[in-house]
Amino acid sequence: MAVYIYSITFKDHPLRLDGLEGVGASASPLRTVTAGPLCAVVSDAPEELRPKRRDIGRHQEVQQRLLADGTVLPLRFGYTAPDEDTVKQTLEERGDEFADRLRLLEGCVEYNLKASQDEEMLLREILTDSEQARQLNDDIRAGTAAPDTAVRLGEMVANEVRARQEALASGVIEALRPFAREIDSSPPTGTDFLNVSFLVSDEQDELFLATELSLAHQMGEGFEFRLNGPLPPYSFI
Amino acid sequence: MTMVPQSSGNLARSGGSGTLYDVLELILDRGLVIDVFIRVSLVGIEILKIDIRIVVASVDTYLRFAEACNRLDLESGNKAPSKLTDIVGDTLESGAKGKSKGALSGAAEAVTDTIRGVTGKGDDEDEPEEETTERRRRPAKRSSRRERSTSRAEE
């Protein structure tokens, strides 16, 4: 029977799987497949899997539970193997590689930070700073502007927005860099100007969190910092 | 933001904002991939990808920004710009050349202050003026983030 794979850990991990439900409508119980020093956490694969909140949430809950007690290699959502033997065989064949990764990630967690800035506040600031932009804006309001003025103003402002947001993003990342072992920056989405993951070790955890909190407060109103973690090291595998 | 409600205990430290939603891309696009395993076909996964960044170079974007600027009431709302100036410093100049550098070094200054605060070097009297002002403005440090996102949502 096909199995869904959640995570790989060392087999001496406490593996408290009680009360957790597997993905899919049947919510199959979780079990482990062991080979050598390693262990894979699996459940029966559901007939149908969809990237819905329920199943994504269950996948994630398994990782969080395992992370709470030790080191975990989280699989990407949605992977299945034809049967347990295939899982076992994979753990045997690639055991050294998995064990190395687990050792590298020992005592580390991921934090993902997203941040946005109130757009109105940003635009205000740009118009306050740039006489040229303000002049174009005034012309448009007064109805005395040439037909292409809106596009010119918009382009000027868009470039400013990008420059300022990139500067803010690198400022935040540099502030937190001393407390992270690795950094993985992704393109921000929506109105965010920052989307970055940090791999943080036990020893640095407190300083990282304190710095992030302090940074968020220092940026002040109009900024929203969304920190998620501790997470299993999804981005650092 | 339809996937927001998720009451996971230690997952989200930031108050109120989406937790599972904010880590979706990690769960779906990161993590270990083992090539002998098969990924089930994920119908609907592309929906999550359409949330592209707003700042792209196009006439539509330019016009949207221009309209947003036209709508701004520059006279009444002058609290916001002065606050941003606190953060990025006074070094900002309106020339395009000096801009990003100014903002960046301003951010770096903010960073230095932050680290100083965290490592606990300075007691209250050593803290820069700016820091004191910030504190007065927001007495409840812990909860201010939640307040911010709540008020944003209500707007």
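**Strand pairing, cores and backbone outliers in chain A**

A:Ala115 has A:Leu194 of β8(A) as its bridge partner. The model is predicted. This pair belongs to the antiparallel pairing of strand β6 (residues 108-117) of chain A with β8(A), which is held by nine bridges. β8(A) also pairs with strand β7 (residues 182-185) of chain A. That second pairing is antiparallel too and has four bridges. Within it, A:Asp184 has A:Ser197 as its bridge partner. A:Phe198 in β8(A) stands opposite A:Ile183. β7(A) and β8(A) make a hairpin, with six residues between the two strands. In the turn, A:Gly190 has a positive phi of about 60 degrees. β8(A) itself is mostly covered, with eight of its 10 residues buried.

These strands are part of a chain with seven helices and nine strands. Chain A has 237 residues, and 50% of them are buried. The radius of gyration of chain A is 24 Å, whereas a compact globule of 237 residues would have one near 18 Å. Along the principal axes, the C-alpha atoms occupy a box of roughly 75 × 40 × 30 Å. Among contacts in chain A with a separation of 6 or more, 72% link residues 24 or more positions apart.

The domain assignment splits chain A into domain 1 (3-106) and domain 2 (109-236). The C-alpha centres of domain 1 and domain 2 of chain A are 35 Å apart. Five residues of domain 1 and six residues of domain 2 take part in the contact. On the domain 1 side, the touching residues are four nonpolar and one polar, with no charged residues.

In soluble globular proteins, nonpolar side chains tend to be buried together. In this model, the largest nonpolar core has 67 residues. A:Ile5, A:Ala40, A:Val42, A:Val87, A:Tyr111, A:Val172 and A:Val200 have the most contacts inside it. Domain 1 (3-106) and domain 2 (109-236) of chain A each supply at least three residues to this core. Another core, of 16 residues, lies apart from it. Its members include A:Leu136 and A:Met156, together with B:Tyr62 and B:Phe65. Around A:Val42, leaving aside residues up to four places away in sequence, the contacts are A:Val3, A:Tyr4, A:Ile5, A:Tyr6, A:Arg31, A:Val33 and A:Val87.

Several backbone features stand out. Most residues other than glycine have a negative phi, and most peptide bonds are trans. A:Leu15 is not a glycine, yet has a positive phi of about 50 degrees. A:Leu15 is located in the loop between β1 (3-10) and β2 (31-35) of chain A. A:Leu15 counts as buried because 20 other C-beta atoms lie within 10 Å, and the cut-off for burial is 20 or more. A:Ala27 also has a positive phi, near 50 degrees. A:Ala27 is in the loop between β1 and β2 of chain A. A:Ala27 has 15 other C-beta atoms within 10 Å, and is therefore partly exposed. The peptide bond between A:Gly229 and A:Pro230 is cis, with omega about 5 degrees. A:Pro230 lies in strand β9 (residues 223-231) of chain A.

Definitions and conventions: Residues are numbered from 1 along each chain as its sequence is written. Chains are lettered from A and ligands numbered from 1 in the order in which they are written. This is a predicted model: local features need pLDDT of at least 70, side-chain atom pairs count only at pLDDT 80 or more; totals for chains, interfaces and linings use all residues. The radius of gyration is taken over C-alpha atoms; the globule rule is 2.2 Å times the number of residues to the power 0.38. A residue is buried if 20 or more other C-beta atoms lie within 10 Å of its own, exposed if 12 or fewer, and partly exposed in between; C-beta atoms are placed from the backbone. Two residues are in contact if their C-beta atoms, placed from the backbone, lie within 7 Å. Domain bounds come from an automatic or database domain assignment. Ala, Val, Leu, Ile, Met, Phe, Trp, Tyr, Cys and Pro count as nonpolar, Asp, Glu, Lys and Arg as charged, and the others, Gly among them, as polar. A nonpolar core is a set of buried Ala, Val, Leu, Ile, Met, Phe, Trp, Tyr and Cys residues joined through C-beta atoms within 7 Å. Two strands pair if DSSP finds at least two bridges between them.
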